[in-house]
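Dear colleague,

I am handing over the structure we spoke about, and I would be grateful if you could look through it with the notes that follow.

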Amino acid sequence: MTADDIIVEIHCLEHTYTGGVRVDLCGTDFRVTRGQRVAVLGPNGSGKSTLLKHILGILQPTKGKVVVFGEDPARHYNHVRQKIGAVMQNADEQLIGPTVFDDIAFAPLNFGFSREETRTRVEEMLHALDIGHLRERLPHYLSGGEKRKVALAGALVFGPELLILDEPLEGVDYTSRQEITAFLHKLHADTGMTMISTMHDMDLVCDLADEGYIMQSGGRIDLHGRIVDLFFHHDLAQYNLAPPPLAQLVTRLNAHGLHLPLTLDVEVLAEVLGRR
Ligand SMILES: Nc1ncnc2c1ncn2[C@@H]1O[C@H](COP(=O)(O)OP(=O)(O)OP(=O)(O)O)[C@@H](O)[C@H]1O
Ligand SMILES: [Mg+2]
């Protein structure tokens, strides 16, 4: 691994918001290398969105160190932001164009892509996310799920190296969720794009991340490990988290002496149980 492979490094970050709310994210260092899919998990208000906003350079730390692509993202905002696509928790804050098409075209035009190149890329994203029918709509009046798809298109259209997803599938219906998850899977398989996401749905964590960082309420990054290890080897109740039902079932069946593999893969478990 070379220094170029380290995409994000955060050490003992502390942020005090105007008004005095202090988010202390000290604890385990946060480090993401190229190609990793990392989930940031923890209770409401623990500071997950705050952490992501520091990676994006939207916030400046009160204390501690944030390095993204080798630079301080708050200081070199314009440079670093051209490498990061982001879907923020509040999609409304992110949608700015008068139409969906203009909205998705905003970043590439801003980053100096030609009109023609931008048009081609926007069309590709509309097609990939199956939102071509929304092209001329006003972003403001889209449904919650539609807004998230448009925000995702806008995040990916300029070909970022890092994708940040803050609760990307909140309010998205089952079918769209499956489609977006499959889309992100393929994106990672095809391009090896680095992804950092937050979510409260643990089934989704299994789909979208290989590693996780878990935060205590009040901040502090407490645990780091492979998702499968976090779900099978740690008591997550203190972090307001419950392992997905499949992990709970395997743990209980093993307590009854079944010796099942510690996996979150339904196919693998079905195969093992079927053989028995
Ligand atoms: N702009 C702000 N001004 C003041 N306080 C803020 C601001 N944004 C967040 N906070 C506070 O900082 C703390 C961390 O908030 P943050 O949004 O990072 O939490 P979170 O882990 O993302 O929560 P959730 O799971 O609800 O999305 C909370 O106490 C929140 O109230
Ligand atoms: Mg949040």
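**Notes on the model**

With 14 C-beta neighbours inside 10 Å, Asn-240 counts as partly exposed, because a residue needs 20 or more such neighbours to be buried and 12 or fewer to be exposed. Please keep in mind while reading that this is a predicted model. Asn-240 is found in the loop between helix H9 (227-233) and helix H10 (245-255), and its phi is near 60°, a positive value in a residue other than glycine.

A positive phi also occurs at Cys-12, where the angle is about 50° although the residue is not a glycine. Cys-12 belongs to strand S1, which covers residues 6-16, and it counts as partly exposed because it has 16 C-beta neighbours inside 10 Å.

Two strand residues are worth going through in turn. Ile-196 lies in strand S8, residues 194-198, and it counts as buried because 25 C-beta neighbours fall inside 10 Å. Once its neighbours within four places in sequence are left aside, Ile-196 is in contact with Val-32, Val-38, Val-40, Leu-52, Ile-55 and Ile-164. As for Leu-262, this residue is 66 residues from Ile-196 in sequence, and the two are 24 Å apart in space, C-alpha to C-alpha.

Asp-166 has its place in strand S7, residues 162-166, and with 22 C-beta neighbours inside 10 Å it counts as buried. Not counting residues up to four places away in sequence, Asp-166 touches Ser-49, Leu-52, Val-87, Met-88, Gln-89 and Thr-198. Leu-52 therefore appears in the contacts of Ile-196 and in those of Asp-166, given that a contact is a pair of C-beta atoms within 7 Å. Asp-166 and Met-199 are 33 residues apart in sequence, while their C-alpha atoms are 6.9 Å apart in space.

Turning to the ligand, 13 residues surround ligand 1, and the closest are Tyr-17, Asn-44, Lys-48, Ser-49 and Thr-50. Helix H1, residues 48-55, provides the largest share of this shell, with three residues. By character, the shell around ligand 1 divides into three nonpolar residues, nine polar and one charged.

The helix packing that I looked at centres on H4, and I take its two partners separately. Helix H4 (residues 100-110) packs with helix H6 (residues 144-156) at an angle of about 30°, the axes being 7 Å apart. H4 and H6 are therefore roughly parallel to each other, as the angle is under 35 degrees, and their crossing is right-handed. On the H4 side this contact is made by Val-100, Asp-103, Ile-104, Phe-106 and Ala-107, and on the H6 side by Val-150, Ala-153 and Gly-154. Six of the residues in the contact of H4 with H6 are nonpolar, one is polar and one is charged.

With helix H5 (residues 115-128), the axis of H4 comes within 9 Å and crosses at roughly 130°, so that H4 and H5 are oblique to each other. H4 passes H5 in a right-handed crossing. Here Phe-101, Ile-104, Ala-105, Pro-108 and Leu-109 in H4 meet Thr-118, Arg-121, Val-122 and Met-125 in H5, and the residues of this contact divide into seven nonpolar, one polar and one charged.

With best regards

Technical notes
Residues numbered from 1 in each chain as written. Chains lettered and ligands numbered in written order. Predicted model: local features only at pLDDT ≥ 70, side-chain atom pairs only at ≥ 80, totals over all residues. Helix = DSSP H or I, 4+ residues; strand = E, 2+ residues; numbered from the N terminus. Contact = placed C-beta atoms within 7 Å. Axes fitted to C-alpha atoms, helices over the stretch in contact; angles between N-to-C directions. Parallel < 35°, antiparallel > 145°, perpendicular 65-115°, else oblique. Left-handed = near helix turned anticlockwise from the far one by under 90°. Nonpolar A, V, L, I, M, F, W, Y, C, P; charged D, E, K, R; others polar. Near = placed C-beta within 6 Å.
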